Amino acid sequence: MTLVGLAVGAVLAVVAIFIPWLPDQASREAGLIDNAYWLVTIICVVVFAVVAGVSVYAVWKFRAPPGDLEDGSPIHGHTGLEIAWTVIPIVLVTAIAVYSGVALAQAEDIPDEHRVVEISAQQFAWTFTYPGIKRPDGQPLASGELVMRVDEPVEFQISSKDVIHSFWVPEFRMKQDAVPGITTRTYVTPTKLGTFPVVCTELCGLGHSTMRSRARVLTTAEFDRWVEEQKRLAEEGASVQGKELFTQQCGSCHTLADAGTTMELGPNLDNVLPGLSADEIRESIVDPNAEIAEGFQPNVMPDDFGERLTDPQIDGLVEYLREATGGG
Ligand code: CUA
């Protein structure tokens, strides 16, 4: 019975490995995590096949004939079996713990020379700040999308402004919570050019499913061009920065044709903003519960954007929104 179970387990394990269940591997760490994942999966498949196989066989083989109400023969203890079902799980669980610990240590072992990117999470948007890159006004470069240079190791320093979120790029495999009050870390060396989704993987409120961004992995030349472009944008007028800010912070909930955003968690701004004064638009940002558009619930939009954003940022946002919706 055990041999049949083992054979079935081996076949299932091979099937499991040859179906491409997992996303592409786009980081140095992805292979380490996948190997640990497959080790655990294969152990589970084989243990399940043996236990289920023996159970099904025993139910069929030793079933009572109709009308047989007698007790079964008394059995007490089997030292060999008891040793086996104690020792085998100990060996398996210890092997998984050691293998995973080594894989995690290798994934987090990156060279001293590496880039630091600060990730700030808030309902329902991501901000990526590059403390090593200064804009013309002396502020560090910040972006609503994660841009990385291929083969450059990155240390992410992750924080949250409100509730617990979790940063994850499936193709990179590494995942880390963003917890208010502390800075958590994770490490990624991207190895593949391309664009990958950034997802929030901790239920964080009504907009959790829309809390997405993207990670772009570029060549060195493309990355340098992106940095120059961001510096140039920072020097442009308030309304250009306002648009950038809108796409990063507001677009995950609001529709606005000019910015190309389509989410409908909050009111469609192309409908509700035309005709409003700058002061009214400002109020709807810093005190969103003062007036609620018809069909929407109060207390969905965070009411602390007045503290999260600087005054120039809010000015830029208001100016952009007036321009984009036909105001003065
Ligand atoms: Cu942030 Cu889910």
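A residue counts as exposed when its relative accessible area is over 50%, as buried when that area is under 20%, and as partly exposed in between. Keep this cut-off at hand for the exercises below, which all deal with a predicted model.

**Exercise 1. Sort Asp 151 and Arg 173 into buried or exposed, and say where each one sits.**

Step 1. Start with Asp 151, whose relative accessibility is 53%. The cut-off for exposed is over 50%, so Asp 151 counts as exposed.

Step 2. Now take Arg 173, with a relative accessible area of 12%. Buried means under 20%, so Arg 173 is buried.

Step 3. Find both in the chain. Asp 151 belongs to the loop between β4 (146–149) and β5 (154–160), and Arg 173 to the loop between β6 (165–168) and β7 (175–178).

Step 4. Look at the backbone. Asp 151 has a phi near 65°, a positive value in a residue other than glycine. For Arg 173, phi is also positive, at about 75°, although this residue is not a glycine. As background, most residues other than glycine have a negative phi.

**Exercise 2. Which two residues does a cis peptide bond join, and what is omega there?**

Step 1. Go to Gln 123 and Phe 124: the peptide bond that joins them is cis, with omega about 0°. In general, most peptide bonds are trans.

Step 2. Place Phe 124 in the fold. This residue is in the loop between β1 (115–122) and β2 (125–134).

Step 3. Move on into strand β2, where Thr 129 is found. Its relative accessible area is 15%, so Thr 129 is buried.

Step 4. List what touches Thr 129, leaving aside neighbours within four places in sequence. The contacts are Val 116, Val 117 and Glu 118, together with Pro 140, Leu 141 and Ala 142.

**Exercise 3. How many disulfides does the structure have, and what surrounds the question for Cys 250?**

Step 1. Recall the bond itself: a disulfide is a covalent bond between the sulfur atoms of two cysteines.

Step 2. Search the whole structure. The result is zero disulfides.

Step 3. Check Cys 250 by distance. Its nearest cysteine sulfur belongs to Cys 253 and is 8.6 Å away. A disulfide needs the two sulfur atoms within 2.5 Å, so Cys 250 is in no disulfide.

Step 4. Add the surroundings. Cys 250 has 16% relative accessibility and counts as buried, while Cys 44, at 46%, is partly exposed.

**Exercise 4. Find the C-alpha distance for three pairs of residues that are apart along the chain: Glu 222 with Met 148, Ser 209 with Ser 252, and Leu 265 with His 254.**

Step 1. Begin with Glu 222, in helix α4 (residues 220–235). Glu 222 is partly exposed at 32% relative accessibility. Met 148 is 74 residues away along the chain, and the two C-alpha atoms are separated by 9.9 Å.

Step 2. Turn to Ser 209, in the loop between β9 (194–200) and β10 (212–218). With a relative accessible area of 54%, Ser 209 is exposed. A C-alpha separation of 9.5 Å links this residue to Ser 252, 43 residues apart along the chain.

Step 3. Finish with Leu 265, in the loop between β12 (261–262) and α6 (269–272). Leu 265 is partly exposed at 28%. The C-alpha of His 254, 11 residues apart in the chain, is 6.4 Å from that of Leu 265.

Step 4. Complete the picture of Leu 265. Beyond neighbours within four places in sequence, Leu 265 is in contact with Leu 206, Gly 207, Cys 253 and Phe 296.

**Exercise 5. Describe the protein chain as a whole: is it spread out or compact?**

Step 1. Count the secondary structure: there are nine helices and 12 strands.

Step 2. Compare the radius of gyration with the globule rule. The value is 28 Å, well over the 20 Å given by the rule for 328 residues, so the chain is more spread out than a compact globule.

Step 3. Read the box around the C-alpha atoms: roughly 90 × 55 × 35 Å along the principal axes.

Step 4. Consider burial and contacts. Of the 328 residues, 37% are buried. Among contacts with a separation of 6 or more, 65% come from residues 24 or more positions apart.

Step 5. End at the surface and the charges. The accessible surface is about 18600 Å², and 59% of this belongs to carbon and sulfur atoms. The chain has 22 positive and 44 negative charges, and their mean positions are 6 Å apart.

Definitions and conventions: Residues are numbered from 1 along each chain as its sequence is written. This is a predicted model: local features need pLDDT of at least 70, side-chain atom pairs count only at pLDDT 80 or more; totals for chains, interfaces and linings use all residues. Side-chain values use heavy atoms; hydrogens and water are left out. Helices (H or I, at least four residues) and strands (E, at least two) are DSSP runs, numbered from the N terminus. The radius of gyration is taken over C-alpha atoms; the globule rule is 2.2 Å times the number of residues to the power 0.38. Buried means under 20% relative accessible area, exposed over 50%, partly exposed in between (1.4 Å probe, protein chains only). Contact means heavy atoms within 4.5 Å. Accessible areas come from the Shrake-Rupley method with a 1.4 Å probe; for residues, only the protein chains shown count as cover. Lys and Arg count as positive and Asp and Glu as negative; His and the chain ends are not counted. The place of a charge is taken as NZ of Lys, CZ of Arg, CG of Asp or CD of Glu.
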